[in-house]
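Reader: I've got the sequence and the fold open. Mind if I quiz you on how some of the labels were earned?

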Amino acid sequence: MLQKLPQEILLLVLEQIPSRTDLKQLCEVSKTLYNAAIPKLYENIDVRAKDERHLETLSGRPFLRTRSKATSPLDYVKAIQVRSRFCHVLEKRCLHYKDMGFYMGGTDSARQPRLEKLATSLMSLFEQLKEESLRSFSWEMGTCIPVQIIGKLGYLGNKQSSIETISLITGGSCPINTAGDNPTDLSLFYSLQDISWVGLRSLQEFDTLSCAMKNNSRHLTKLRLDFVNWSEEDLEEYNDSENFFTIHVLKLVAGPCEIMFPALATLSLSAVSLENAGKRLQHALNLSQLSSLTLRHCPGSEEFLNAVIDSGQTIRLSSLEVACGPYDNEVAICGALSTLLKSFQGLRDLFITHPAPVPALGLRRAMAHHKSTLTRFVCRERIVDLDEHSLYFEEEVDLLDLSLLPEDRVELDRPELYYPFAALNLECIALGSTPQLLKSVLLPFTKILTLKILHIRRSGIDMEGPPRTWRGTLLQNWDMDSDDDGMADEDLGAGPDPDAVTAYNRVSKDRSSNESTSDRQRHPSITYSTTSADAFNMYEMSLLPPKLRAFTNWAFGPDGLPMLEVLAFGDFSYDGRFRNHNHLFCRHTRLIRPLENDSSQQSEDEWVPTFRPIGVGYKEWDLINRNKMFLAACPTNFITND
């Protein structure tokens, strides 16, 4: 039957299968499905390090087992990702650090350096690929890239020069790199449409980036640069009247010039100074072509945004992300953003982090200019804690009052249609706030049936905290509206809530007794769930702060947000770096309650949850995966600490 199905139809079906596991299983069903699915299965190879503490153990050898076949599946490879998580090792990741003895002629000089060992392993894979078959290469390791792979005489530039997408996360401050002894070379690539580079540090890296942008400027559609913790002041010859990025990297001349990037649709800059750069950079861009703009912790962002406003070009942005903290000296950023938002229409995503306290309600009113299109909104405020008694004294922390001034709070007590959110049809909202204030702000969405994801933002570095444990910090944040400064940890909810734990214990006890009873002795009319999964969920939810639990119960309850599918809590940046502190909840379609034959005898204040944690295989994951960018937007810190 499958043999009679047109190949084009079969391929269209396979395109709808995102799971590599499912594709692999299809390859084992029949020869017909194998021949159809194997090209898609090997189209994208992901070589991932299992342990970021030992990156040298990453190996491409598992993919070499296919070489014995008449037609090697490696012939179908179009994209290779070499990557690792960035969760635990955030400083001195480069393998050169572990081999300093070798480079200094010490006791380690007799063995093969770790980076060379890694290069040997990967080259055994690369050399099996068809020449000029790769269209995408990613090195997301936070280390120097072996010169055998991307040096002047490296494999990629000489055998795969037709690459269209290149994404690099490199070793930053590695001393071998900053000395120019491990040069990366991009000069042989002339087909690049997408350049992403995180962690540039050496002048050699800036030079090769400049060369790559010059060679590909006419057809480049995406550019993402993150200088992490690098500053122009690190240069030996620092001139504060010049802008390093525009003059030495883009090599732009003063005054109007020919547009350098006529096709650029996505521009993302992080930790790139834009001071004294606004006019030059604005002239280099075709703003009417730009659909996505991201500026994260870029000094001079306000200056650049004002230059965009004054450019006279038609603005067609669909996504805008601007992140500025209290140390970025961008105190007037909200005013510039408000003016920009009023200058065009059509925005779908708006992600903002701004210093506080500043008048921010005007910015939220400016959002109404995009009410017909805006669907996803993130807003966070950061402030320097000046409380001498705080564990965060003089540290940057989240502000949880939405930057609402006293007169703004009065507005929340007026008819709900007056509040800016009431004019919008948002599907995803991320805010940092106390539960009482957050509930007031979200009241319009009890009647506006659009909100699907609510993300209660907390910065991961705040949750991990200074000396105090994460849990105490988290709960302190969610009880900051309390008038009692002398609360003990138990009052804050630092331990499991007694009522909820009792409920969990009763569920567990009932489940145990039910397991010893035959199915025919059970009451078929009982609809309460007492499965082990529900018992575990009850226990997990019992560990939540009472105010967070009560708010979540309201959000998914009959008086809450009727269209809400996912409530996320925490920091979802950097591929799960803060996963131990995060929560994902969904609506509970069944009633979880301790088993009782007579529910009328239950206590009136007994807690009955309307939500549950999102587990493996839940349908909500599809919605979450489609909104990963929203959940990870506006990260507080950089991907590494180098």
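Reader: Leaving aside neighbours within four places in sequence, which residues is Ser268 in contact with?

Author: Bear in mind that this is a predicted model. Ser268 touches Leu223, Arg224, Leu225 and Thr294, once those sequence neighbours are set aside. The residue itself belongs to strand S7, which covers residues 266–270.

Reader: And why does Ser268 count as buried?

Author: Buried means under 20% relative accessible area. Ser268 comes out at 14% relative accessibility, so it counts as buried.

Reader: Let's move to H5. How do you know that the span of helix H5 agrees with what its 13 residues should give?

Author: At 1.5 Å a residue, residues 114–126 should span 18 Å, and the end C-alpha atoms are 18 Å apart, so the two agree.

Reader: What do the buried residues of H5 pack against?

Author: Three strands and two helices: S1 (44–48), S2 (79–83) and S3 (136–140), plus H6 (147–150) and H7 (155–159). Among the buried residues of H5 are Leu115, Leu118, Met123 and Phe126.

Reader: Last pair: why are H12 and H13 called roughly parallel?

Author: The axes of H12 (residues 301–310) and H13 (residues 333–341) cross at roughly 20 degrees and come within 9 Å. Angles under 35 degrees count as roughly parallel, so that label fits H12 and H13. Their crossing is left-handed.

Reader: Which residues make that contact between H12 and H13?

Author: H12 brings Ser301, Glu302, Leu305, Asn306, Val308 and Ile309, while H13 brings Ile333, Ala336, Leu337, Thr339 and Leu340. By type, that's 7 nonpolar, 3 polar and 1 charged.

Methods. Residues numbered from 1 in each chain as written. Predicted model: local features only at pLDDT ≥ 70, side-chain atom pairs only at ≥ 80, totals over all residues. Heavy atoms only, no water. Helix = DSSP H or I, 4+ residues; strand = E, 2+ residues; numbered from the N terminus. Expected span 1.5 Å × (residues − 1). Buried < 20%, exposed > 50% of the residue type's maximum accessible area, 1.4 Å probe, protein only. Contact = heavy atoms within 4.5 Å. Axes fitted to C-alpha atoms, helices over the stretch in contact; angles between N-to-C directions. Parallel < 35°, antiparallel > 145°, perpendicular 65-115°, else oblique. Left-handed = near helix turned anticlockwise from the far one by under 90°. Nonpolar A, V, L, I, M, F, W, Y, C, P; charged D, E, K, R; others polar.
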